[in-house]
Amino acid sequence: MTDVKIGLETHVQLDTETKLFCGCPNEEADEPNTHVCETCLGHPGSKPRLNEEVVNQAVKASEALDCEVNEDVFFSRKTYFYPDMSKNYQITQYEIPVGEDGEKQIKVGDEKKEVGIKRIHIEEDPAKMKHVGGNVSDSDYSKVDYNRAGTPLIEIVTDPDFRSPKEARAYLQQLAQMMQYLGLYRPESDFSIKTDANVSIEGGERVEVKNITGTKDIEKALNYEISRQKQWKKRGREVEQHTRSFNQGTGATEAMREKETEEDYGYIFDPDLTRQELDEELRTRIKESLPELPQEKFERFKEEYGLKDKLVESLITEASLAEDFEELAEEFNSSLVASWMSGDLKKVLNYNELTYSESGLDFESIQYMLDLISEEKISDRNAEMLLREVVGEERRPEEIVEEEDLLKADESEIDSFVEAAIDENRDAVEDFESGEEEAINFLVGQVMQKSQGKADPKTAREKILEVLED
Ligand SMILES: [Zn+2]
């Protein structure tokens with residue numbers, strides 16, 4: 001196997017009310033360049049004011065990733081010239097970030113792995129460029145939208161600890177899940193997670209791959225880049241240090257520019273933002289307020305409910321799903337709730353490409369459906385159909401049950417279906433009586449059809465046998 005080293009730098013856009021250094025709303029706007037002021041437009045003489053909430057969130061992420069939180073943090077100016085950063089420098093943290101030397105345990109398949117977290121720092125997002133009529137190199141002209149300028153980010157930088165694209169993907173997914181538990185990220189929001197990856201093979205120079213959005217493309221981007229470097233070496237060439245961009249459309253990485261070294265940016269402390277003190281009291285308060293994180297929840301669910309690994313993993317994918325599971329498990333049989341949530345529910349959500357929180361399914365609807373299932377008032381088939389309609393059409397389950405008559409038939413109704421099936425299918429009855437046992441399946445099918453899913457096959461079979469064997 002090729003010796004591969006991968007390190008990741010993940011930017012999490014924070015969903016705060018206002019931007020990092022000004023009071024502009026931190027949200028998408030209908031019109032470009034409307035959520036702006038002199039500070040986020042970088043007018044000379046404007047002064048940044050630090051949004052405390054961002055600092056708290058960065059400390060939260062640092063504590064959750066077992067980082068050392070620095071007592072005094074500073075901000076630096078990273079100098080570069082590009083239209084997306086009109087003041088010609090980006091405010092970030094360089095010398096002293098919020099958190100350093102952390103660790104994240106991840107699961108890759110059945111294996112556990114420790115990933116070193118080098119640092120977590122705060123920085124501002126630049127403006128958004130729109131290249132009209134093409135991409136950055138061949139468009140006719142470009143437009144800049146400063147609505148995004150100044151959106152707060154935390155950047156989480158790992159050590160080069162990943163040995164395969166699969167490990168990198170596992171980390172990114174589990175990191176995103178952790179950020180969601182911490183309330184710093186919602187997959188359904190407009191705020192995104194973006195990752196840059198540093199990749200080297202066989203001790204060669206590292207190549208930086210930028211622009212990997214979300215958690216799904218990471219493995220694809222890395223696989224492409226690794227095989228590209230392998231091919232390059234095969235032809236006897238050395239991989240040189242440079243920056244590439246991942247193209248989501250083609251799944252390829254494309255050369256962008258020579259990689260700048262840190263000296264090129266000429267970091268200096270920002271004199272407008274004085275020392276920020278993260279005192280003991282703040283750190284303790286945040287540490288103590290951390291919610292139960294996915295890994296801890298996983299262990300506890302296994303222990304408390306005696307559920308299989310796969311089932312627990314499925315239940316803890318989203319914090320809200322896990323919370324509702326626990327509440328429902330007090331009222332209903334916990335295995336029933338777990339298998340319903342990770343089975344039928346997940347199937348319907350996946351089909352509609354929704355997360356649990358996006359689906360808008362309310363707790364009372366779920367209680368109602370689980371009650372029908374646990375009291376065996378509805379057949380499996382109809383229970384699944386009901387859920388599909390509740391999610392897909394956003395209707396109340398009570399209404400659907402009533403309108404479509406979905407509850408199980410009562411005894412006398414089933415008896416009449418059985419009687420009719422037997423009367424109308426004398427051939428099948430004769431076949432059964434002459435020893436062809438499979439003929440009963442046909443009769444069961446007839447009863448099911450007549451009942452439109454309101455009978456369950458087991459009861460139907462028993463009742464048919466009762467009549468035929470009399
Ligand atoms: Zn502003």
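**Figure 1. The surface and overall build of the chain.** In this predicted model, the chain exposes about 24,200 Å², and carbon and sulfur atoms supply 44% of that area. Turn from the outside to the inside, and 50% of the 470 residues count as buried. As for charge, there are 59 positive and 110 negative ones, and the mean positions of the two sets sit 7 Å apart.

**Figure 2. The fold from end to end.** You can pick out 17 helices and 16 strands in the chain. Its radius of gyration comes to 29 Å, well over the 23 Å that the globule rule gives for 470 residues, so the chain is more spread out than a compact globule. Along the principal axes, the C-alpha trace spans about 95 × 55 × 50 Å. If you take contacts between residues at least 6 apart in sequence, 67% of them join residues at least 24 apart.

**Figure 3. A close look at helix 3.** This helix covers residues 218-234. How far apart should its ends be, at 1.5 Å a residue? The 17 residues should span 24 Å, and the end C-alpha atoms are 24 Å apart, which agrees. The buried residues of helix 3 are Ile-218, Glu-219, Ala-221, Leu-222, Glu-225, Ile-226, Arg-228 and Gln-229. When you look at that list, bear in mind that an α-helix has 3.6 residues a turn, so residues three or four places apart point the same way. Just past the helix comes Gly-236, with a positive phi of about 80 degrees.

**Figure 4. Around Leu-315.** Leu-315 belongs to helix 7, which takes in residues 309-315. Is Leu-315 buried or exposed? Its relative accessible area is 0%, so Leu-315 counts as buried. Setting aside neighbours within four places in sequence, Leu-315 is in contact with Phe-301, Leu-307, Leu-321, Ala-322, Phe-325, Ala-338 and Met-341. Val-207 is 108 residues away along the chain, and its C-alpha atom is separated from that of Leu-315 by 37 Å.

**Figure 5. Around Glu-63.** Here we move to helix 1, residues 52-64, where Glu-63 has its place. Glu-63 has a relative accessible area of 11%, and since buried means under 20%, this glutamate is buried. Which residues is Glu-63 in contact with, leaving aside its neighbours within four places in sequence? They are Val-69, Arg-283, Lys-287 and Leu-290. Gly-102 is also worth finding in this view: Glu-63 and Gly-102 are 39 residues apart along the chain, with their C-alpha atoms separated by 8.5 Å.

How values were computed: Residues are numbered from 1 along each chain as its sequence is written. This is a predicted model: local features need pLDDT of at least 70, side-chain atom pairs count only at pLDDT 80 or more; totals for chains, interfaces and linings use all residues. Side-chain values use heavy atoms; hydrogens and water are left out. Helices (H or I, at least four residues) and strands (E, at least two) are DSSP runs, numbered from the N terminus. The expected span of a helix is 1.5 Å times one less than its number of residues. Buried means under 20% relative accessible area, exposed over 50%, partly exposed in between (1.4 Å probe, protein chains only). The radius of gyration is taken over C-alpha atoms; the globule rule is 2.2 Å times the number of residues to the power 0.38. Contact means heavy atoms within 4.5 Å. Accessible areas come from the Shrake-Rupley method with a 1.4 Å probe; for residues, only the protein chains shown count as cover. Lys and Arg count as positive and Asp and Glu as negative; His and the chain ends are not counted. The place of a charge is taken as NZ of Lys, CZ of Arg, CG of Asp or CD of Glu.
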